[in-house]
Amino acid sequence: MNILVTGGCGFIGSNLANTLIKKGHTVHVIDNLSNGKLENIKESADKIIFWKGDITDKNYINKIISQVDAVYHLAAQISVTASIKDPLKDAAVNIGGTLNILQAAATYRVKKVIYYSSAAVYGEPAYLPINENHPKNPSSPYGLSKLTGEKYAEFYSKFYGLNIIVIRPFNVYGPKQDPRNPYTGVISTFLNKALQGEDIPIYGDGGQSRDFIYVEDLAELSIKALSKNTPQLTVLNGACGEKTTIKNLAEKIKELTGSSSKIIFLPRREGEIYESYADISAAKQLLDFKPVYKLEDGLKKLITYFKSG
Ligand SMILES: NC(=O)c1ccc[n+]([C@@H]2O[C@H](COP(=O)([O-])OP(=O)(O)OC[C@H]3O[C@@H](n4cnc5c(N)ncnc54)[C@H](O)[C@@H]3O)[C@@H](O)[C@H]2O)c1
């Protein structure tokens, strides 16, 4: 198939694009390189058709989407903090850009659009584990812009007959997640600190929990989402379905790296969600999805990657 990956030079997008190439697809990538790197797709550089540009540029998007059968839409402003500082910019990319993708996909009758939303759409959990029907109550402009993208996807599915899968990733980790980026995931940050022998900072008592999914498992879920027959509009959590506390995570990372880093406890961050983990039975039933990586396996693989780089 001819497949477009928006944001394909980023952390999740590059892992997905490289996997799609290995499976024999023709892959187009659009990225403005605001947060991603060409280096992330260098292993497939001779095969990927790279378009440097912005998803807010409607004409450019039309030109690319007219050439593809399916779209994975990942390009986004991904920082909650940046969305609070500049909600207009966040909305321009995450809502305006997403609308360009959906409109072009409808115009050129793309077979399927897989839209990456976020678990941020749920906000403070009303119950656990969080299933897809959980109330949506985003607590940041980022969560709101992702939810608005979902609502537009729903609209395009209903009124334009577009086939849509919405994936709501929880906490994704794996190679190519930049540990120097201040907004990066907690696993990359902790691993980097552990390997440098620096203090590992925990905000609060460390009892807060998250659901971590290895990026290869998310790529597998995404590929199944494209290849399986699914209802015209399908919404799925992208997670492992297991909760890990931040304190356990820091201790596990120390153990696996043999690090002498100290775990330090800092004041709890305002507005941070305490507990979060997902119910993934919908993805299991509909796509026969089964995460392969237990946290320890994923961490071991990531440590090898960190040490090799
Ligand atoms: N990483 C996670 O744990 C996580 C969790 C929930 C949801 N998500 C969602 O998954 C998707 C991918 O996230 P990621 O962690 O790989 O982020 P990332 O920042 O590594 O990737 C996003 C890519 O989009 C590109 N981009 C940003 N704005 C653009 C624009 N206007 N035009 C073209 N390209 C643009 C960036 O350069 C980057 O390469 C995002 O939609 C994000 O909201 C990620």
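## The parallel sheet

In this predicted model, strand E1, which covers residues 2-6, is joined to strand E2 by five bridges, and the two strands run parallel. One pair of residues shows how the strands line up, since Asn2 has Thr26 in E2 as its bridge partner. The pairing of E1 with E2 belongs to a wider arrangement, an open sheet of seven strands whose order is E3-E2-E1-E4-E5-E6-E11 and whose pairing is parallel. At the edges stand strand E3 (49-52) and strand E11 (233-238), each of which pairs on one side only. If direction is ignored, neighbouring strands of this sheet are turned against each other by 15° on average.

A helix also packs on this sheet: helix H5, made of residues 141-160, touches strand E5 (112-116), strand E6 (164-169) and E11. The direction of H5 makes about 165° with that of E6.

## Helices H1 and H7

Helix H1 and helix H7 (residues 215-227) have axes that come within 9 Å of each other and cross at roughly 60°. An angle counts as oblique if it is neither under 35 degrees, nor over 145, nor from 65 to 115, and H1 and H7 are therefore oblique to each other. The crossing in which H1 passes H7 is right-handed.

On the side of H1, the contact is made by Ile12, Asn15, Leu16 and Thr19, while H7 brings Val215, Glu216, Leu218, Ala219, Ser222 and Ile223. Sorted by class, the residues of this contact between H1 and H7 are six nonpolar, three polar and one charged.

## Helices H6 and H8

A second pair of helices can be described in the same way. Helix H6, which spans residues 186-196, and helix H8, which spans residues 246-257, pack at an angle of about 40°, and their axes are 10 Å apart. That angle makes H6 oblique to H8, and the crossing of H6 and H8 is right-handed.

From H6 the contact takes Val186, Phe190, Leu191, Ala194 and Leu195, and from H8 it takes Ile246, Leu249, Ala250, Ile253, Lys254 and Thr257. The contact of H6 with H8 consists, by class, of nine nonpolar residues, one polar residue and one charged residue.

## Surroundings of the ligand

The ligand has 30 residues around it, and of these Gly7, Gly10, Gly36, Ala76 and Val172 come nearest. Several elements contribute to this shell, since helix H1 (11-22), strand E2 (26-31), helix H4 (87-107) and strand E7 (171-173) each supply at least two of its residues. The greatest share comes from H1, which gives three residues to the shell around the ligand. Helix H1 thus appears in two places in this report, at the ligand and in the crossing with H7.

When the residues of the shell are divided by class, 15 are nonpolar, 13 are polar and two are charged.

## Two backbone details in loops

Two residues in loops deserve a separate look at their backbone. The peptide bond that joins Leu128 and Pro129 is cis, with an omega of about -10°, and Pro129 is found in the loop between E5 and H5. The two elements on either side of that loop were met above, where H5 was described as packing on the sheet and touching E5.

The other residue is Arg109, which lies in the loop between H4 and E5. Its phi is near 50°, which is a positive value in a residue other than glycine.

Methods
Residues are numbered from 1 along each chain as its sequence is written. This is a predicted model: local features need pLDDT of at least 70, side-chain atom pairs count only at pLDDT 80 or more; totals for chains, interfaces and linings use all residues. A residue is near a molecule or strand if its C-beta atom, placed from the backbone, lies within 6 Å of it. Helices (H or I, at least four residues) and strands (E, at least two) are DSSP runs, numbered from the N terminus. Ala, Val, Leu, Ile, Met, Phe, Trp, Tyr, Cys and Pro count as nonpolar, Asp, Glu, Lys and Arg as charged, and the others, Gly among them, as polar. Two strands pair if DSSP finds at least two bridges between them. Axes are lines fitted to C-alpha atoms, for helices over the stretch in contact, and angles run from 0 to 180 degrees between N-to-C directions. Two residues are in contact if their C-beta atoms, placed from the backbone, lie within 7 Å. A crossing is left-handed if the near helix is turned anticlockwise from the far one by less than a right angle, and right-handed if clockwise.
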